[in-house]
Amino acid sequence: MPQHGRIDATHGIDSTDGMKQPHFASPLPKNSVSPLSLWGSWWNVLQLLRPAFSRSRPFMWFATIVAGLAVRSDLRGVTSIVRALNLRPNLYDRLLQNLHSSAIKLDQLSALWAQVALRLFPQPVRVNGRLILVGDGIKIPKRGKKMPAVKLLHQQSDCCTKPEYIMGHSLQAVCLLVDAALSVFAVPLAVRIHEGLVWSNRDKRTLLDKMLLLIETLAITTPFYFVADAYYAAGKIVHGLLKQGNHLVTRVRSNAVAYLAAQAINGRRKRGRPKRYGQKIKLRSLLSNVGAMQELASPVYGERNVTIRYRVCDLLWRPAGRLVRFVAVVHPTRGSWLLMSTDLSLSAMEIIRIYGLRFKIEHTFKQAARQIGSFAYHFWMRHMVPLLHRNGNQYLHRQSARYRDQVRRKIHAYHVFMQAAVVAQGLLQYLAVVSPKLVWDSFGSWLRTIRPGIPPSELVVTNALRQTLPNFLVSCAKSNSLAKFIASRQDKHRMAIFRLAS
């Protein structure tokens, strides 16, 4: 029988007219939907990641972990995967060992997943023929005293319910924007822990340097715009992107300054390098005379019948050492922004539209934390020196080589778990975009309102996969390698369907 409940299961913020009457998704009749319909498509995509594994057995365990993350109903670490797939309890240690396995080539896995994502989604968001990548950081609370890279972190937020300081992991992530009918998805590509550990006292890399390294790890050869918040409006990011032929679209702080180009001096030139920067301009001065600004129908995602005012000015920006385009925007309800683009060919409307999609990565973070459980890992390092309360960075250059290897192994396990969750979330989004009708037919539950044209959310796809999983395992145990691998490791005494089948 379908389960009844009131849930919001559609993406986007645009208010398209939907059905106002309660909608009952048709429950999945027994053997009405082929088990290869959803799970077959899911498995065909996941097999494309096989080259990132040294052996076939670690890949099959990784696929099992991704399947468990996709269908589990609680977020209690690896034990929830065991319960979701009804694995034998003694396989818990096997799952942990696979997460720590050196047979998983993490960087190659991330690059391969980025290539697969570009092939899977039929309509990635493009502007001037360039892809749109979105990057941001997120801080995850962790209080384990024997978890490497846990440190005291400061959170800047206007929300009074968010503590100013937490103990946890500081991560950075990169997503790809794709069009999905009337909505837009931010498909996660990779996420890494980028603070908390200092391997060498000569390592001067900042979070900006590590973000550039994460982008390079993805090995995306197609030109793209990198969209980020004001923290990434820095010379390192600009130079690193321009070196690869890519551009930055971001917001700048209100106290930022730029310069007019220095005017040429007639007559005999003075000694030394010619002057490059002319008059200094405070960028917030571009917002002073609102009445003289140009008007434009808001291109921001989800907004209709909204008029904004803007001003465009190309100025020299000292951190970039070159001419960049600034756009001052005054919104009737959201206040004023100062946006910047290193691509001078981008119009003001496109810059505003691109930056208006940056919030999609926040939605991906929310789904990853609350639905997928991408950050619900808590693997402890047995021989680690316990951390103190309000501990800062952990300096490892004076530790023994064995201790450093143990820390690397544990951080590798964290990253493999998060990458598995990234793949699981991306596959849920893929099924929502490519097979929405099949997802709704397999949903087997109830929604109050379904908005037409909006793809189902990760919650709906998760429920559809959960409904069809038993049929997939029973019907395809002999023909599908994943179904055979999982079914042979299940605790059949606890599953009614397997008792009936026997």
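## A pairing to start from

In strand β15, Met340 is the bridge partner of Thr250. Met340 in β15 is also the bridge partner of Phe326, so let's use this residue as a way into the sheet around it. Before going further, please keep in mind that this is a predicted model.

Thr250 brings us to strand β9, residues 247-251, which runs antiparallel to β15 and is joined to it by 3 bridges. Phe326 brings us to strand β14, residues 322-331, which is antiparallel to β15 and shares 7 bridges with it. β14 and β15 form a hairpin, with 3 residues between the two strands. Strand β15 itself spans residues 335-341 and is mostly covered, 5 of its 7 residues being buried.

## The protein as a whole

Stepping back, the protein contains 14 helices and 17 strands. Its C-alpha atoms fill a box of roughly 95 × 65 × 40 Å along the principal axes. How does the radius of gyration relate to that of a compact globule? The protein has 25 Å, which agrees with the value near 23 Å that a compact globule of 502 residues would have.

Of the 502 residues, 55% count as buried. Take the contacts between residues at least 6 apart in sequence: 70% of them join residues at least 24 apart. The exposed area is about 24,300 Å², and carbon and sulfur atoms supply 50% of it. As for charge, there are 71 positive and 25 negative side chains, and the centres of these two sets lie 7 Å apart.

## Strand β3 and its partners

Now to another strand, β3, which covers residues 130-141. Is β3 largely enclosed or largely open? It is largely enclosed by the rest of the structure, because 9 of its 12 residues are buried.

Three strands can be followed out from here. Strand β2, residues 126-127, is antiparallel to β3 and joined to it by 2 bridges, with Val127 and Arg130 as bridge partners. β2 and β3 form a hairpin with 2 residues between them, and Asn128 in the turn has a positive phi of about 55°. Strand β8, residues 224-228, runs parallel to β3 and is linked to it by 4 bridges; here Val134 stands opposite Val227. Strand β5, residues 165-180, runs antiparallel to β3 and the two share 9 bridges, with Gly137 standing opposite Gln172 in β5.

## Helix α6 against the strands

Helix α6 takes up residues 207-217, and with 8 of its 11 residues buried, it too is largely enclosed by the rest of the structure. Which residues of α6 are buried? They are Leu207, Leu208, Asp209, Lys210, Met211, Leu212, Leu214 and Ile215, so you will find Asp209 and Lys210 in a list that also holds several leucines.

What do these buried residues pack against? The buried residues of α6 pack against β3, β5 and β8, and also against β6 (183-193) and α7 (235-243). Just after α6, Ala219 takes a positive phi of about 55°.

## Three residues to look up

Ser80 lies in helix α3, residues 78-85. With a relative accessible area of 1%, Ser80 is buried, since the cut-off for buried is under 20%. Leaving aside residues up to four places away in sequence, Ser80 touches Arg72 and Asp74. Thr206 is 126 residues from Ser80 in sequence, and their C-alpha atoms are 35 Å apart in space.

Asn391 sits in the loop between α9 (360-372) and β16 (394-395). Asn391 counts as buried at 17% relative accessibility. When residues up to four places away in sequence are not counted, its contacts are Val150, Lys151, Leu152 and Met167. Arg448 belongs to the loop between β17 (446-447) and α12 (458-475), and is partly exposed with a relative accessible area of 43%. The C-alpha atoms of Arg448 and Ile166 are separated by 38 Å, and the two residues are 282 apart along the chain.

How values were computed:
Residues are numbered from 1 along each chain as its sequence is written. This is a predicted model: local features need pLDDT of at least 70, side-chain atom pairs count only at pLDDT 80 or more; totals for chains, interfaces and linings use all residues. Side-chain values use heavy atoms; hydrogens and water are left out. Buried means under 20% relative accessible area, exposed over 50%, partly exposed in between (1.4 Å probe, protein chains only). Two strands pair if DSSP finds at least two bridges between them. The radius of gyration is taken over C-alpha atoms; the globule rule is 2.2 Å times the number of residues to the power 0.38. Contact means heavy atoms within 4.5 Å. Accessible areas come from the Shrake-Rupley method with a 1.4 Å probe; for residues, only the protein chains shown count as cover. Lys and Arg count as positive and Asp and Glu as negative; His and the chain ends are not counted. The place of a charge is taken as NZ of Lys, CZ of Arg, CG of Asp or CD of Glu.
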